[in-house]
Amino acid sequence: MKTSHRIGSALLLASVTVLPAALAANKAGGLPRYGMVVYSDLCVHEGSGEYGGQRITLQRFAEVDTVIYEYTAGGLSWPLVATDVNVDPRGKMMYFTVQEGEEERTISGKFSPNGETLTLDGGYCDDQSQAMVLTKVRDFSRTAKACKACPAPKRRGAD
C-alpha cells in the first residue's frame with residue numbers, strides 16, 4: 001500500500017509541476033500546443049432544413065498535427081482527412097490541404113488571440129464581404145443555429 005501511495009504522490013506532484021507550464025503557454029493566447037479543438041459555423045437553412053457551413057477538428061500531438069475537415073453541400077460531407085497540416089508555432093495561423101474528388105484544395109486561416117475563433121481566408125458570399133468565422137465548439141450537444149443570408153451585393157459607382 002505504501003508503494004502505491006508513493007507512486008500516486010509522485011504522479012500528482014509531476015502533474016502539478018507540469019500543469020502550470022502548460023497553462024502559462026496557453027495564457028499567451030492563440031492555440032494550445034497539445035490537445036483537440038473543434039471549430040464550426042454549422043447552421044441550418046430555415047426553408048430546407050439542410051445544413052450549411054464547415055467544421056474543422058484539429059488534433060495536436062507532439063509529433064504531428066492532424067485535421068478532419070467537414071463542409072456542406074446540401075448535406076454534411078463525409079469527413080476529409082487533411083494532408084500537409086501546418087500550424088504556426090505561435091498558434092496564430094494554419095493551413096491544410098484536402099482532396100475533394102479530383103480537386104485538391106488548400107484552406108488557411110487565422111486564430112483569434114484567445115483561440116476562440118478561426119477566421120478562414122475567403123468569404124461566403126459572392127462579394128467576399130462575409131468572413132468565414134468558425135467558433136470553438138464547447139457544447140457538442142447544442143442545436144445548430146439558423147443560417148444567415150448573404151448581404152445584398154454592394155453597388156459600385158460609375159467608373
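The following exchange concerns the disulfide and some of the salt bridges of a predicted model.

Biologist: What makes Cys 43 and Cys 147 a disulfide?

Modeller: The sulfur atoms of Cys 43 and Cys 147 are 2.0 Å apart, and a disulfide requires a pair of cysteine sulfur atoms within 2.5 Å, so the pair meets the criterion. A search of the whole structure finds 1 disulfide, and the link of Cys 43 and Cys 147 is right-handed, with 95° about the S-S bond.

Biologist: Which parts does this disulfide tie together?

Modeller: Cys 43 lies in strand 2, residues 43-44, whereas Cys 147 belongs to the segment after strand 13 (145-146), so the link ties together parts that are 104 residues apart in sequence.

Biologist: Why is Cys 147 called buried?

Modeller: Cys 147 has a relative accessible area of 18%, and buried means under 20%, so the term applies to Cys 147. Its partner Cys 43, at 9% relative accessibility, counts as buried because that value also falls under the 20% limit.

Biologist: How do you know that Arg 33 forms a salt bridge with Asp 65?

Modeller: The closest N and O atoms of Arg 33 and Asp 65 are 3.2 Å apart, and the definition asks for a side-chain nitrogen of Lys or Arg within 4 Å of a carboxyl oxygen of Asp or Glu, so this pair qualifies as a salt bridge. The pair links distant parts of the chain, with Arg 33 in the loop between helix 1 (2-27) and strand 1 (35-40) and Asp 65 in strand 5 (residues 65-73), 32 residues apart. Arg 33 and Asp 65 are also linked with Arg 60 in a network of salt bridges.

Biologist: Why does Arg 33 count as partly exposed, and why does Asp 65 count as buried?

Modeller: Arg 33 has 34% relative accessibility, and partly exposed covers values between the 20% limit for buried and the 50% limit for exposed, so Arg 33 is partly exposed. Asp 65, at 13%, is under 20% and therefore buried.

Biologist: What makes Asp 121 and Lys 110 a salt bridge?

Modeller: The N to O distance between the side chains of Asp 121 and Lys 110 is given as 4.0 Å, and the cut-off is within 4 Å, so the pair is listed as a salt bridge. Asp 121 sits in strand 11 (residues 117-123) and Lys 110 in strand 10 (residues 103-111), 11 residues apart. Asp 121, with a relative accessible area of 43%, is partly exposed, and Lys 110, with 44%, is partly exposed as well.

Conventions
Residues numbered from 1 in each chain as written. Predicted model: local features only at pLDDT ≥ 70, side-chain atom pairs only at ≥ 80, totals over all residues. Heavy atoms only, no water. Helix = DSSP H or I, 4+ residues; strand = E, 2+ residues; numbered from the N terminus. Buried < 20%, exposed > 50% of the residue type's maximum accessible area, 1.4 Å probe, protein only.
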